[in-house]
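Please open the structure in your viewer and keep the sequence beside it, because the tour moves between the two. Each stop says what to select and then what is found there.

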Amino acid sequence: MEYRNEISAAAPECRGKDDSETIQNAVDLAASSGIGKVVIPRINPRTGEPIWIIGRTVYLPSDTTVILDNCHLRLEDDVRSNIFRNSKAFKPEGNTLEGEEHDIRIIGIGNAVLDGGKPNGLCEQLHRDDPEKYPNMNVNLLIFMHNVRNFEVRGIKFIESRWWAVCFMFCRWGIISDLDFRMYGTLENQDGVDLRIGCEYITIENITGITGDDTVALTALPREMTFEGELYVSGKSFDIHDITIRNIISSTHGCGIVRLLCEDRAKEYNITITDIKDTGETIAGAAVLIGTTDKFLMREPHKMGEFKNIIIRNVTTTAQRGISFCESVQNMIVENFTVYGKNEIGLRFYDNFEGKNVRIRDFTYDSDPENADSVFCFADAESDIGELEIERVRASSPKYIFRGREIEVKDFVYEAPSEGVFTHEKPNLRSAYGRYHKYSYGKLIENRPDDSRFKNS
């Protein structure tokens, strides 16, 4: 049989015993025929319904484009499976430079939906406690690409993923764009877009919606993320670099709208973050979260110079903290950053922060009086904070200007604080994460605040 430009998953010759097999047959036919393009239509001809139930992962080889044409793909109840994964992921031949796959695209048209469906009971703590019995949570990713170059994921709505929605590891030269997330903290760690170890030259743009955890996360964690070594790509670096993140319009349940993190000697550098708008539908922990205070992840904290060359511009947020600086930073510019509404602390500097050529300018603090705490908060009054220059700051209605220590701020205009310019006291902040999540790593959060904005939470 001859084909023109594409293979339809609705074609009779692709019909399988279930929807996963049907789509896989279409992908395999597209690959063997040299066409390389598969279209999944809205109506599933096997059932006549506008939904496709995915019970097993669909594997995509190199030179494959999948068009989601107004279709809805939903994970089958109780299965432990991705929806899409490149064909060599989790296979030995995918762990070498020679095994790198290429030119894989998943593109949505109209109302294209990937749906996590009913949860399957897995959580991170179960795997940590008994890895022989419970698999790693990577089995719950909706889209996973590993060791792929020249890729694109675009134009898709994600509903209630069972863990991270889309994840990339050791991937390069890619575009992730026009994704909408509808994830309401019903499960732990419902990140939106995750770049893990070894990602480079990637653009993430035009991201909207609500995520249960970090909306966009760049985390180079070699020991945490290689899953006991089975995903390490021989010959590739663990570093994340040359990443552009722009036009993010979202909110997240108690976490970071943008999360940046590297440990265990991995580096993160040449990162540009622009045009971030917090919609305020939930209370984020921070608009930008840099580093971590989590001892589980900080087994070998990054050193000065391993996190560097970062630009952050044009951010507005109602997050609990505007930016959280948890570890050392080199060569950073923050410009045109505004906190307002339910924001409590403008800039939070934790014990491990040290700056080298860090410049913050054009910062506006305009939080509601009932929420406002402090413009600048330092956890340690004695540690060396290094080279930190802050200028052109405007602040209204803070409780304090400085917590922990006072620093020089050039061109600083502020209204009289309600409690004082400076206090040594540490803030008594409740966890933004706990406002939304009943469970953390499988365990009930005690003394959970009652001001969650998510209904029935």
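For the charges in this tour, Lys and Arg count as positive and Asp and Glu count as negative, while His and the chain ends are left out. Select these residues in the model, which is a predicted one, and you will have 55 positive and 73 negative charges, whose mean positions lie 1 Å apart.

Next, select the whole chain and show it as a cartoon, where three helices and 32 strands can be traced. The radius of gyration is 23 Å, close to the 23 Å that the globule rule gives for 457 residues, so the chain is as compact as a globular protein of that length. If you turn the view along the principal axes, the C-alpha atoms fill a box of roughly 80 × 45 × 40 Å.

Stay with the whole chain and switch to a surface, of which about 18,000 Å² is exposed, with carbon and sulfur atoms supplying 45%. Of the 457 residues, 58% are buried. Among contacts with a separation of 6 or more, 72% are between residues 24 or more positions apart in the chain.

Now select H72, which you will find in strand β6, the stretch covering residues 72-75. Is H72 buried or exposed, or does it fall in between? Its relative accessibility is 22%, and since buried means under 20% and exposed means over 50%, H72 counts as partly exposed.

Show the neighbours of H72 as sticks: leaving aside residues up to four places away in sequence, H72 touches P50, I51, W52, V113 and D115. One of these, D115, deserves a closer view, as the side chains of H72 and D115 are joined by a polar contact of 3.0 Å. Then add L388 to the selection and draw a line between the two C-alpha atoms: H72 and L388 are 316 residues apart along the chain, and these atoms are separated by 49 Å.

For the last stop, select T215, which sits in the loop between β15 (200-211) and β16 (216-220). With a relative accessible area of 0%, T215 is buried.

Which residues does T215 touch, not counting those up to four places away in sequence? They are G192, V193, I207, I248, S250, S251, T252, G256 and I257. Pick out S250 from that list and display its side chain together with that of T215, since a polar contact of 3.3 Å joins the two side chains.

Key: Residues are numbered from 1 along each chain as its sequence is written. This is a predicted model: local features need pLDDT of at least 70, side-chain atom pairs count only at pLDDT 80 or more; totals for chains, interfaces and linings use all residues. Side-chain values use heavy atoms; hydrogens and water are left out. Helices (H or I, at least four residues) and strands (E, at least two) are DSSP runs, numbered from the N terminus. The radius of gyration is taken over C-alpha atoms; the globule rule is 2.2 Å times the number of residues to the power 0.38. Buried means under 20% relative accessible area, exposed over 50%, partly exposed in between (1.4 Å probe, protein chains only). Contact means heavy atoms within 4.5 Å. Accessible areas come from the Shrake-Rupley method with a 1.4 Å probe; for residues, only the protein chains shown count as cover. The place of a charge is taken as NZ of Lys, CZ of Arg, CG of Asp or CD of Glu. A polar contact is a pair of N or O atoms within 3.5 Å; within protein, one must be able to donate a hydrogen and the other to accept it, and residues adjacent in sequence count only if both atoms are side-chain atoms.
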